[in-house]
Amino acid sequence: MLELMLLSLGLSATGAVLSLLLMRAPAAAKTAACTLGMGAAAASLASGVAAIGSPALLANLGGPVPFADLTVLFNPLSGLLVAVISVLALVAWLFGLSYFNEYYDKGIGTLGCFMNLFVASMMMVILCDNAFWFLVFFELMSLTSYMLVIVEGDEKSFKGGFLYLVMAHIGFLMIAVSFFLMASACGSLEFAAFRATAFDPALATAAFALAFFGFGAKAGIVPFHSWLPQAHPAAPSNVSALMSGGMIKIGVFGIMKVCFDLLALSGGQLGWGVLVVVIGAVSSVLGVVYALGEHDLKSLLAYHSVENIGIILLGVGTGIVGWACGNLWLAGVGLAAGLYHLVNHAMFKGLLFLGAGSVLHATGTRNMEALGGLARLMPVTAVCFLAGSLAISAIPPLNGFVSEWFTYQALIGAAMAGGIGLRVVFAFAVVALAITGALAVTCFVKAFGVTFLGKPRSDAAKAAHEVPASMRLGMVALTALCAALGLGAAWFAPVMSGIAASVLAAPAMPVAAGTALVSLDTISVTSPLLIAVLLAVVVGACALARNAANRAHGLKVDPEPWACGYAPDVHMETLASTVAAGVRGFMGPLYGIREGVNSAGAAVAGVFGRAFEAGACGQGAAPAPPSREQRVRVPLSESVMSVLRSVGAWFSRLEGGDFRTYIVYIVGALVFFLALIILVR
Amino acid sequence: MIEFTVAVIQVLLLVLLAPLASGVARKIRAKMHTRQGTSIFQDYYDLAKLWRRCEVQPGGAGLVSRAMPPVFLGTMVIVAAGLPLIARACPVPLLGDVITVLYLMALPRFMFSLAALDSAGSYTAVGGVRELLLGVLVEPALILTLMVLALACGSTNLGVMADSVASLVAYPPVAVVVAGVAFACACYVEMGKLPFDVAEAEQELQEGPLAEFSGPSLAMLKLGMSVKQLVVASLFVAVFLPFGAASVATPLGLAVGLALFVAKLAAVLLVAAVIENAVMRVRYQFLGRYTWFVFGLAALSFVFLVIGI
């Protein structure tokens, strides 16, 4: 394990250096960076897979700093993260072999260098077992990814990148304070010492809360999400895949590591789990609601990462609640559901970003309004993107369904086991997940339908062509993994349960029997494999019957759709905005929150930006990134006011006599008073 | 083996009765309009006629439009096979999980709306988008009521739920009854009958998403949509009105269960048909008001569950 990982790091470093040295010969730099990167990813994949199945291994690598040795820890959880990121890196490099051709004049040498360093620093963050080195590599990860975000060198990428840099450092600060709190209490920077100390409950809670929000800023939880849709789309698409599929998972990994590992002896507290579940539920709903409003394909996908991080946190939070209550089934299944969704999201989000990259490569635009009709011109990309859309919408039998199924079972199981308060929290989470599911279906019908179906709406879309073989291969590989993680769930779920068990230091919960997935506490079973077989047989039979009827009675093609007697026109087609308008009509208040949060984020970045400008620091010193309405430099006071205004507007609707809000209000009041009665009694 | 037979019987029953059910609904509408109306078998004739027609595909459409009618019907068939309709236990327990059923039903919705965008026609697409929005509005209420029932019965398996409701051990009872009412309302919305037929909306959208389908594909789609209505109504009957379904799988018990199931389903559909013809269409912008009401009911059932009455 360790040797393979060192080999991988060595290859990454060589790739970085070679790519930089060959800067003058773009093709050679690209080939060197990509092939060495692929070699590194293959080695780290082998290392990660080995770690999943082995007992924990702690190795001290010494190091130049006298006060902190570079210790690395291989355990099943870090093995899983290493394996997931390695798969994504492997595919991203493969995709890059053709995709990076566009970057010859944008500094391919530095791009290859930073991407290699980025992957290596992610590996080290996962493996590091010392607070000092953890923070060093975490910072390196943020900086290298920032360099990748601004590689396009245009105004938009600088603004997105700067917001990202500010957010990453706010997160870094919170994590650092959390680690130093623990370090000062136990007198060592080694994680092993943290692990062996039972912290004071108040200190443990403070450390957990700081780490949760700090890592949450990296993961993109609401309210720290505003950098994702601006920074991820600006990077090259395979880097976006790596960031959205891989890097933000390190935030989730950090939350799990702090809670279950570093604070293991301090014991989990119920409140932590509730906090994680509530933030997860809010993130999942708001993420998908905002995704629906996007017309930029990559921004849409970035917002979906906020949603999926929320779903992962629902599972993890349920695990924390189960752990705190001593409910082994809940802890094991909740955590396993979170881990499974973590893996799944990496796969389908990576796939979708590569698909978006292919669209960008073929047409030169990410604006869905100007696309359309690509399924005909780029069939492989279209089929892969459709598979990814079905998977992320949690439609059986693909992988998204499996992890959401376990998440639902864990949430319902938690509501069954818990008291009144927990029941309310978990009912909220279940409803949030239901809304998220239905909205995700809407959003991906929009994303796939508007981009790939209908007729081309611009010359660029008309001139699209299928992408080169290495890019197709990358997408097909991830599609196959999505299918395998769905159909083979009965074999993968026990692995996740085993990893969850190792994290909790508890016996593994049975989650599968034969080809079926089992949920013990809610007495239920399901089987994606059976559903897939039945779908293939029944749908196949229906299709054969229909085609036989077509052969017997004829099949004609009418070139134009029916337009109520008028000549069809390309302007009659449904656009992304058409879909979004409907949802906005029903969910207006939720968009109001975003305006507030975005402008607050912009204001924070603006404050830093001015400080930066004063220090006259190069290209990064862009002014505050604008929110949707191009509001540049909103003063802090005004942004706070706009949050207050939107909340106020919502409340004023209670008085305004809107019949829907009255019902919610009445039910809310009812719940409150009943809870009060029970508590008093 | 007997489970397999039950599953096949359920599928055949729902698929074969679906056109009859829609034919009867048409007849009831005609009678309420004081018209003579068509034969109750008219839908069978329509389907047979469409099946023998030449199919015209819109030019922009591709694989998605081609695949949608078989996917729609096929998925409904699979859902029908898993529900505990004539016995209290699920004939195929692996298909009997609440979450599995609801997410499996998202597949036809996904394909249906996608096919609407596929043909590049503006009428079809508007219908498809409305279908999705309706799903967004009703799904939370559906899942919340089913969660209340799952908590009351201790399982998310439909068969276990049906068994504990039928043997009156689901606790607390008031919560279950209120959840039943909320679920009935949500199912009614999900069936896409007036005033919730926004996707087709004959007056505005000329049968919306179906506009570009013809011939055998249209026949399969129409059959699929009728089957969907029956499946949704059956889901309600299976979980909240399981009384009379066979508790042990003996031939006699199953026969009684079958007869009672048909009677219960007919009663539910009759009520739905009467409601459908007694109300007017609603502009789809105002749908939220009705679905909020349904969600309010679902939330109320949850409150009753929490306080245990």
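# Chat about a two-chain predicted model

Tutor: Let's start with Tyr45(B), which sits in helix 2 (residues 42-51) of chain B. Helices here are DSSP runs of H or I with at least four residues, strands are runs of E with at least two, and both are numbered from the N terminus. This is a predicted model, where local features need pLDDT of at least 70, side-chain atom pairs count only at pLDDT 80 or more, and totals for chains, interfaces and linings use all residues. Residues are numbered from 1 along each chain as its sequence is written, while chains are lettered from A and ligands numbered from 1 in the order in which they are written.

Student: Thanks! Is Tyr45(B) buried, exposed or partly exposed?

Tutor: Tyr45(B) counts as partly exposed because it has 13 C-beta neighbours inside 10 Å. The scheme places C-beta atoms from the backbone and calls a residue buried with 20 or more others within 10 Å, exposed with 12 or fewer, and partly exposed in between.

Student: And how far is Tyr45(B) from Pro19(B) in space?

Tutor: Their C-alpha atoms are 9.4 Å apart, with the two positions 26 residues apart in sequence numbering.

Student: Switching to the two chains: how many residues does each give to the contact?

Tutor: Chain B gives 77 residues and chain A gives 81. Two residues are in contact if their C-beta atoms, placed from the backbone, lie within 7 Å.

Student: Which helix gives the largest share on the chain B side?

Tutor: Helix 6 of chain B, with 17 residues. Overall, that side of chain B has 48 nonpolar, 20 polar and nine charged residues. Nonpolar covers Ala, Val, Leu, Ile, Met, Phe, Trp, Tyr, Cys and Pro; charged covers Asp, Glu, Lys and Arg; the others, Gly among them, are polar.

Student: What about strands, which ones pair between the chains?

Tutor: Strand 6 (residues 555-558) of chain A pairs with strand 1 of chain B in the parallel sense, over four bridges. Strands pair if DSSP finds at least two bridges between them. Within this pairing, Asp558(A) stands opposite Pro58(B).

Student: OK, chain A by itself. What is it built from?

Tutor: Chain A has 24 helices and six strands. Of its 681 residues, 60% count as buried.

Student: Where's a good helix pair to look at?

Tutor: Try helix 3 (residues 76-99) and helix 10 (residues 237-262) of chain A, whose axes are 8 Å apart at an angle of about 170°. The two helices are therefore roughly antiparallel to each other. Axes are lines fitted to C-alpha atoms, for helices over the stretch in contact, and angles run from 0 to 180 degrees between N-to-C directions. Under 35 degrees is roughly parallel, over 145 roughly antiparallel, 65 to 115 roughly perpendicular, and the rest oblique.

Student: Which residue classes make up that contact?

Tutor: It divides into 13 nonpolar, five polar and one charged. Among the residues in it are Leu81(A) and Phe95(A) of helix 3 and Gly245(A) and Lys249(A) of helix 10 of chain A.

Student: How do helix 12 and helix 17 of chain A cross?

Tutor: The axes of helix 12 (residues 297-325) and helix 17 (residues 420-452) of chain A come within 11 Å and cross at roughly 155°. That makes the two roughly antiparallel. Residues that meet there include Ile311(A) in helix 12 and Thr436(A) in helix 17 of chain A.

Student: Does Thr436(A) come up again? What lies 8.6 Å from it, C-alpha to C-alpha?

Tutor: Leu286(A), which is 150 residues away along the chain. Leu286(A) is in helix 11 (residues 270-292) of chain A and is buried, with 26 other C-beta atoms within 10 Å.

Student: Back to strands: what order do they take in the open sheet of chain A?

Tutor: The order is 3-4-5, with antiparallel pairing. Strand 3 (512-513) and strand 5 (524-526) of chain A are the edges, each pairing on one side only. Ile523(A) lies in the loop between strand 4 and strand 5 of chain A, and its phi is near 45°, a positive value in a residue other than glycine.

Student: Last one: where are the cis peptide bonds you'd point me to?

Tutor: One joins Pro396(A) and Pro397(A), with omega about 5°. Another runs from Tyr171(B) to Pro172(B), with omega near 0°. Pro172(B) lies in the loop between helix 7 (158-166) and helix 8 (173-190) of chain B.
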